[in-house]
Amino acid sequence: MKRLSSPIVTLVAFAAGSAIAPWFVGDRGVSLLSEGLLMLAMAQLWNLLAGYTGLVSMGLQCFVGLGGYTTIFASNYFSISPYWALSLAPIVCGLIGGVSAVFLFRLRDAYFSISTWVFSEVIAVVVLMTPGLGYVTGMTLETARGIDFETFLLVNFWITAAIAGASVLGIYLLMHSRLGLSMTSVRDDEIAATSIGVNVWCNRFIAYVAAAAGCGLAGGVSFMGALFITVTTAFDLNWVVAMIFIVIIGGIGTLEGPIIGTVIYYGIRELFTGVFALSGTWYLIALGTVAVITMLIAPAGIWPLIRDRFAIEWLSVKRKVPYLYACEADATRKSPIPHEQSYFV
Amino acid sequence: MWVGTIINGVLLGGLYGLFGVGLALVFGVTRIINIMHGEFIALSAFIALGIAMLSPQMHPLLLIVPVVVISFGLGYALQAMFVNRAMRLPDPLAPLLLTFGLSVIVRNLMVELFGVNPRSIHQSDFAQLSINPFGIPIGVLPLATLALAALLFVALQFVLRRTEIGRIVRATADNSEVVRLMGVRPSSVYNIVMGLSFALAGIAGLMLALRTTFTPFSGVERLLISFEVVVLGGLGSFWGAMLGGIVLGVAQLVGLRLNPNSGFLYGNLVFFAFVMLRPNGLFGVRQ
């Protein structure tokens with residue numbers, strides 16, 4: 001059970017930390033943490049698609065926006081609490097994600113990536129032209145009028161923390177399951193995966209719908225917290241750009257990578273716009289520079305570099321070949337493969 | 001009036017084709033999705049503006065020569081200094097993020113240097129000239145853009161099909177390992193290809209700058225159109241890019257006539273219809 005200990009410690013520490021954090025970091029800290037944790041969850045979902053199933057989407061902002069619109073529209077229209085409306089966001093986004101996947105999965109690689117982006121643009125214009133969704137002026141969360149703002153912020157933060165924790169835990173458990181194994185096999189070699197009986201389409205479909213629903217939920221929470229939504233902010237390409245940046249900088253196909261990537265992403269922002277008090281332009285230039293430098297020294301990302309340098313494991317989704325355990329048990333037999341070696345599956 | 005709309009759509013398609021062709025060239029040879037392409041276009045517009053301010057008497061179309069030379073040098077240098085280093089891994093996402101990082105840097109440096117106010121090139125009255133052949137007003141500049149695009153496509157096709165360097169580029173695109181055995185260094189080929197791509201984007205940027213006002217964000221706003229042109233035509237196919245551009249240009253102008261608030265919606269819908277019917281693009285190879 002050694003493999004499970006470090007994730008459990010992480011989970012308990014994270015849960016305890018986020019339970020008490022609001023009393024230590026102040027309002028500014030809470031909103032920054034909320035933003036970062038939501039982005040972490042979305043980055044993990046992008047990573048689930050690109051890093052574990054080989055689907056490079058440039059259109060996840062579509063579901064962020066749809067989740068936000070679903071939450072605010074449903075809450076206003078049915079006059080229900082935004083928390084109830086929030087539960088509709090992943091359902092709507094999962095459905096739309098599922099239907100769009102049927103068409104988008106006909107396309108491969110770069111065709112798929114560009115088409116997901118185009119799909120998002122189409123949805124954005126459709127939302128913009130649909131009556132009842134506020135057109136260019138957007139919508140305000142009207143049911144939030146009587147709400148006690150202090151409690152609202154606090155509850156939002158805890159929902160956010162729960163989503164972030166669930167995304168990491170969920171993907172960890174998924175990757176140690178049979179389904180996760182077949183997903184990675186699809187990424188590594190589609191033909192080989194098919195030949196051993198893995199249903200490639202089905203695996204990708206599950207991952208895509210999960211990512212759509214998850215991004216919808218994250219978008220719902222984000223715009224519920226903002227109390228306001230417009231098409232330009234909701235379907236902003238920068239959502240997916242941030243996800244891609246965070247995942248690739250941190251290390252694609254790892255759970256730890258997006259965590260490190262998120263810290264770097266928001267760290268740079270706070271450093272440049274807060275500490276140095278520079279304009280947003282210089283912050284973006286710094287971000288670009290970090291991306292360029294990282295890709296030149298560590299194209300696989302920062303976490304793999306640290307992991308291999310110091311030989312540490314944290315939330316590893318590596319699997320060990322069963323044969324090696326057999327070798328360890330039977331010490332007298334000479335292993336043809338070195339014991340320390342483990343394999344990505 | 002519909003005939004006029006369609007003719008103007010075809011002419012606009014020439015510009016879109018120009019946006020896409022450099023991207024198609026880079027993708028065809030290096031397999032890189034070059035996010036920097038939009039910044040190439042915007043930067044070239046500013047380079048053209050700078051030259052136009054230095055020599056106000058120059059005919060706007062003559063600006064092509066210095067813009068192409070400078071752009072080629074910049075593209076060559078960027079590839080040699082940065083992108084080649086990120087291409088060592090087989091993973092295509094490293095170069096993608098690298099070009100993304102460079103594009104963010106270039107775009108925001110342009111904001112710092114030139115500001116965000118819309119600029120334009122006031123070079124004689126060339127942009128306002130129009131002819132009236134069948135009672136349909138047609139701008140000379142869009143016509144020149146389409147003609148130039150067609151000329152460049154023919155020239156590019158000729159270079160790639162009939163010349164020594166073209167053979168080397170095609171061989172590198174097919175198998176970068178085997179060309180090493182023939183004494184070709186793939187990274188040098190990539191440098192030239194990126195230079196050419198930047199030069200083509202430079203021409204597109206110049207045409208854009210002559211046609212309308214521009215800001216440092218003019219490139220990134222047109223990045224999606226450039227990608228759609230390339231995907232629609234079939235990745236790496238130049239004639240496909242040209243045809244893709246025309247399809248999108250016509251779809252956009254017809255759509256705007258139907259509903260002035262639709263923006264690029266109809267272009268996007270037509271894009272979808274086409275890729276669903278032909279998942280590898282109009283001229284793409286079936287895999």
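Let's start with one residue: A:Arg145 has 8 C-beta neighbours inside 10 Å, so it counts as exposed, the cut-off for that label being 12 or fewer. Keep in mind that you're looking at a predicted model. On the chain, A:Arg145 sits in the loop that runs between β1 (139-140) and α6 of chain A. For a sense of what lies across from that loop, take A:Leu227: it is 82 residues away along the chain, yet the two C-alpha atoms are separated by 9.7 Å.

Follow the loop onward and you get to α6 itself. This helix of chain A covers residues 149-175, 27 residues in all. From first C-alpha to last it reaches 39 Å, close to the 39 Å expected at 1.5 Å a residue. Whereas A:Arg145 is exposed, α6(A) has a good list of buried residues, including A:Phe157, A:Ile159, A:Ile163, A:Val168, A:Ile171 and A:Met175. The list isn't purely greasy, either: A:Asn156, A:Thr160 and A:Ser167 are among the buried residues of α6(A) too.

How far should you trust chain A? Its mean pLDDT is 87, and 91% of its residues reach 70 or more. The stretch to watch is residues 331-345 of chain A, where the pLDDT is below 50. Beyond near neighbours in sequence, that stretch has 14 contacts in the model. Where pLDDT is low, the predicted coordinates should not be read in detail.

Now over to the partner. Chain B has 12 helices and 2 strands. Walk along its sequence and you meet four helices, then the two strands, then the remaining helices, in the pattern α-α-α-α-β-β-α-α-α-α-α-α-α-α. Its C-alpha atoms fill a box of roughly 60 × 50 × 35 Å along the principal axes. Why call chain B's radius of gyration unsurprising? A compact globule of 287 residues would come out near 19 Å, and chain B has 19 Å, which agrees. Of those 287 residues, 51% count as buried. Sequence-distant pairings are well represented too: among chain B contacts between residues at least 6 apart in sequence, 76% join residues at least 24 apart.

Finally, put the two chains together. The contact draws 27 residues from chain A and 35 residues from chain B. On the side of chain A that touches chain B, α5 (109-129), α11 (237-250) and α13 (280-297) each supply at least two residues. That side of chain A divides into 21 nonpolar, 4 polar and 2 charged residues.

Terms used:
Residues are numbered from 1 along each chain as its sequence is written. Chains are lettered from A and ligands numbered from 1 in the order in which they are written. This is a predicted model: local features need pLDDT of at least 70, side-chain atom pairs count only at pLDDT 80 or more; totals for chains, interfaces and linings use all residues. Two residues are in contact if their C-beta atoms, placed from the backbone, lie within 7 Å. Ala, Val, Leu, Ile, Met, Phe, Trp, Tyr, Cys and Pro count as nonpolar, Asp, Glu, Lys and Arg as charged, and the others, Gly among them, as polar. The expected span of a helix is 1.5 Å times one less than its number of residues. A residue is buried if 20 or more other C-beta atoms lie within 10 Å of its own, exposed if 12 or fewer, and partly exposed in between; C-beta atoms are placed from the backbone. The radius of gyration is taken over C-alpha atoms; the globule rule is 2.2 Å times the number of residues to the power 0.38. pLDDT is the predictor's confidence in each residue, from 0 to 100.
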